[in-house]
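Me: Can you walk me through this one? I'd like to go step by step.

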Amino acid sequence: METPIVKLSDEELKTVYEPSEDSYLLIDALEADLEVLEAIKPVICLEIGSGSGVVITALAMALKRYHSAHFIAVDINPDACKATRKTSLDNSVVVNVLQMNLLDCIRIRGQVDVILFNPPYVATEYEEVLDDRLVFKTWAGGKHGRQVMEQVFSTIPEILSDAGLFYLVVIKENDPEYILSAFQKLNMSGRIVCERKVRGEHLYVLRFCKAKVNEIS
Ligand SMILES: C[S@@+](CC[C@H](N)C(=O)[O-])C[C@H]1O[C@@H](n2cnc3c(N)ncnc32)[C@H](O)[C@@H]1O
């Protein structure tokens, strides 16, 4: 999978998340799954918290030959929304960008084929999750680092298509096993598809699908 060109100015870097090891681990997970992703012939792909747009753009570039695929990115940070749009255009793909809190205004049900989320996962006080400063949105994850990501868990099976896949980046402190069992209760099966230890962080990419519909190895 080609790595997109991402150009963020010093001004943008004050609030927009610069592509980092976690972003690239998610891209690596998608690259390893490219055949699986092509097989499900995605029509709608959605990234929650797109930041610079590096991940959704990489996916759009890789799936370019599916002309019918639509790529949607959501971020709460208006600067990140602009950066995502620019990154997609700089790399000659189209991503529709929405400034929005998580999945608040997504009304489509059962039709999203690929969902990506590299959330703010650092364990912090809850006050830091509520802090209005946009840069806090890039990392502050509250208790166990799960307080932002957990807000979308119950919506994922509602919006995901039957053959769809959900990719979630987490760290050890988030307790990946706890997250896998939380999704099991939502009738979704998941597993770790990628992991990497880097600079004191143990990163994982978890992949989920609707249980029994399309369990894949
Ligand atoms: C760790 S960064 C990941 C950025 C990008 N996806 C990447 O992998 O490089 C988390 C992103 O989630 C966004 N975010 C945080 N809270 C959000 C919320 N409530 N709704 C939408 N986006 C949110 C942040 O603004 C930030 O861009």
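Me: How many residues surround the ligand?
Reply: Keep in mind that this is a predicted model. A residue counts here if its C-beta atom, placed from the backbone, lies within 6 Å of the ligand. The closest ones are Ser23, Gly49, Gly51, Ile76 and Asn118, and the full count is 24 residues.

Me: Which element gives the largest share of the shell around the ligand?
Reply: Start with the elements that give two or more residues: helix H1 (21-32), helix H3 (54-62) and strand E2 (70-75). The largest share is 3 residues, and it comes from H1.

Me: How many residues of that shell are charged?
Reply: Let's sort them by type. The shell has 12 nonpolar residues and 9 polar ones. That leaves the charged group, which numbers 3.

Me: E2 turned up in the shell, so to speak; in which sense do E2 and strand E3 pair?
Reply: E3 covers residues 96-99, and there are 4 bridges between E2 and E3. One pair to look for is Ala73 with its bridge partner Val97 in E3. Helix H4 (residues 78-90) joins E2 and E3 in a right-handed β-α-β unit. The sense of the pairing is parallel.

Me: What about strands E6 and E7: parallel or antiparallel?
Reply: E6 spans residues 188-198 and E7 spans residues 201-210, with 10 bridges between them. For one contact, find Gly190, whose bridge partner in E7 is Phe208. The pairing is antiparallel.

Me: And which residue in the turn of that hairpin has a positive phi?
Reply: E6 and E7 have 2 residues between them. The one with a phi of about 45° is Arg199.

Key: Residues numbered from 1 in each chain as written. Predicted model: local features only at pLDDT ≥ 70, side-chain atom pairs only at ≥ 80, totals over all residues. Pairing = 2+ DSSP bridges. Nonpolar A, V, L, I, M, F, W, Y, C, P; charged D, E, K, R; others polar. Right-handed = clockwise from strand over helix to strand, strands pointing away.
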